[in-house]
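Take a look at the protein below and turn it around on your screen for a moment. We'll walk through it together, one topic at a time.

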Amino acid sequence: MSAAVESMSSCARCGKPANLQCPKCMELKLPREGAAFCDCFKASWSSHKSVHQKAKLSLLGTGNPAEQNSASPNEGWLYCLKKGQTRTPKMPYFDWTGTLRPYPISSKRMVPDHIDLPDWAIDGIPKIEPNSDLQHVVEIKTPEQIERMTETCRCHIKDCGDAISACNTWWLYHKHPCVCPLVIAREVLDAAARVIRPGVTTDEIDRVVHEATITAVWQRRYILMVSDYIDALIYKFYNKSLVLFCLFPYEGYLCLFCLCWALTSIEDIHLHSIITFSQSLAARRSVNEVICHGIPDARKLEDGDIVNVDVTVNYKGVHGDLNETYFVGEVDEASRRLVQCTYECLEKAISIVKPGVRFREIGEVINRHATMSGFSVVKSYCGHGIGELFHCAPNIPHYARNKAVGVMKAGQTFTIEPMINSGVWRDRMWPDGWTVVTADGKRSAQFEHTLLVTETGVEVLTARLPSSPNMFPWLKA
């Protein structure tokens, strides 16, 4: 401690006359009022040292995007490393493929005790899933399982038949909520979509997802987990409510900024939304490079960004998974083409789903449309079986000439979630252990639905609702 303290200074802890000053505060040029102490400095150290951490965070990234255009750091705002098992106040060194950079992530959000937790909630490690026979055998869901999945993914009305119109469905949803369970996964994703605008941080979107989920649980007494929040969120140490990805313009290019919340340390594991694992959301600049699993953080969305939000819900012991890519303000034509092409790839793939079709055909359809539009298809990540397990057989590759085994049968449920890149299909992993970016730093987009194979075709369990915000210009025509 320095003895060079003005006689007028008072101890920051007890208010008595101070004769010492914290040398670290002097080094960081912090105000003297909070750095002066009497003999009680030692007892104050455990709490006082957090002031240094805040000051360091405020100085990080001088002259680079991580300092500019970010929310004011507060306690808990740190960078993520090693799948959330390590956090640091310094931006990690990495050979970034584009201009996008990670931002500090917030501290954990609390989840009420009445929400049931998956088996990975404590240590981030799935126990049942990796060794299940369903990793090798495609499950045919029972009628009871299908009913639970329908309730998890979207509105389901018993004994009303398939001919009920969307208007009647919506009317019954409002008038008879006990008959028509809330579309939790879809509703939470829609809640996130409504707040996406320039100036909003991905951490704020994560908060909206978190609170929307808790509200749904409280009002309807649903036991659920949102957007990689409890499903992907804690899954393998992914600790945020949803998974997000974002593209933004810079010097004539479009960049992807992964909007997923950053992972927290094991001690800070959230029970949340996933970015989405998202899925949050996580998102960058001259290049738009995040493909998937970005982490929500302190960066503000900008006009011209494109952001993907990935939501996963667990209700009654089964999962629902979906994601969409949204425009932030006015985007350029190249971004519009990429996002619309990705949307169309998913729609065309869904259109061929029915009993007897080979799983490998999905990749052929997606690859054909993407390449004809001048884009490439990511090969490292694929769709998956889903039900009581978050991830299981079958694997659903989205690229051509894949080796997927098996044919579709009524009662199977799986996701299709094509990731389409503006440039090459290859990817790289950021130091956080989750954020996947394009190898050339160019843009990427994604859409996802959870599907049920029926006797005559397919049912989209996570389909848009009459109340879903219309975010896509091509649907307005």
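Let's start with disulfides in this predicted model. A disulfide is a covalent bond between the sulfur atoms of two cysteines. How many disulfides are there here? The count comes to zero. Take C25: its nearest cysteine sulfur belongs to C22 and sits 3.7 Å away. A pair has to be within 2.5 Å to count, so C25 is in no disulfide. Is C25 buried or exposed? C25 is buried, with a relative accessible area of just 1%. Another cysteine, C38, has a relative accessibility of 13%, so C38 counts as buried because the cut-off is under 20%.

Now step back and look at the whole thing. The protein has 477 residues, and 57% of them count as buried. You'll find eight helices and 19 strands as you trace the chain. The accessible surface comes to about 19,900 Å², and carbon and sulfur atoms account for 53% of that.

Next, pick out one strand, β9, which covers residues 318-327. How many of the residues in β9 are buried? The answer is 10 of its 10, which leaves the strand mostly covered. In a regular strand, the side chains alternate between the two faces of the sheet. You can follow that here: V318, G320, L322, E324 and Y326 point one way from β9, while H319, D321, N323, T325 and F327 point the other way. Whichever way they point, all of these residues are buried.

So who is β9 paired with? Which way do β8 and β9 run? They run antiparallel, and 10 bridges join β8 (residues 306-315) to β9. If you'd like one pair to find on screen, try T312, whose bridge partner in β9 is D321. Together β8 and β9 form a hairpin, with two residues between them. K316 lies in that turn and has a positive phi of about 55°.

Let's move on to charged side chains. The structure holds 13 salt bridges. One of them joins K141 and E139, with their closest N and O atoms 3.4 Å apart. Both partners are buried: K141 has a relative accessible area of 8%, and E139 comes in at 19%.

Now compare that with the salt bridge between E388 and R148, where the closest N and O atoms are 2.8 Å apart. R148 is buried, at 12%, but E388 has 40% relative accessibility and counts as partly exposed.

A further salt bridge joins R443 to D332, with the closest N and O atoms 3.8 Å apart. Where in the chain do these two sit? R443 is in the loop between β16 (436-438) and β17 (444-446), whereas D332 is in the loop between β9 and α7 (333-351). The pair links distant parts of the chain, with its two members 111 residues apart. R443 counts as buried at 13% relative accessibility, while D332, at 30%, counts as partly exposed.

Finally, go back to β9 and find E324, one of the residues on the V318 side of the strand. Which residues share a network of salt bridges with E324? They are R186, D190 and R464. E324 therefore brings two of our topics together: this buried residue of β9 is also part of a salt-bridge network.

Note on methods
Residues numbered from 1 in each chain as written. Predicted model: local features only at pLDDT ≥ 70, side-chain atom pairs only at ≥ 80, totals over all residues. Heavy atoms only, no water. Buried < 20%, exposed > 50% of the residue type's maximum accessible area, 1.4 Å probe, protein only. Helix = DSSP H or I, 4+ residues; strand = E, 2+ residues; numbered from the N terminus. Pairing = 2+ DSSP bridges. Areas by Shrake-Rupley, 256 points an atom, 1.4 Å probe, with all protein chains shown as cover. Salt bridge = Lys/Arg side-chain N within 4 Å of Asp/Glu carboxyl O.
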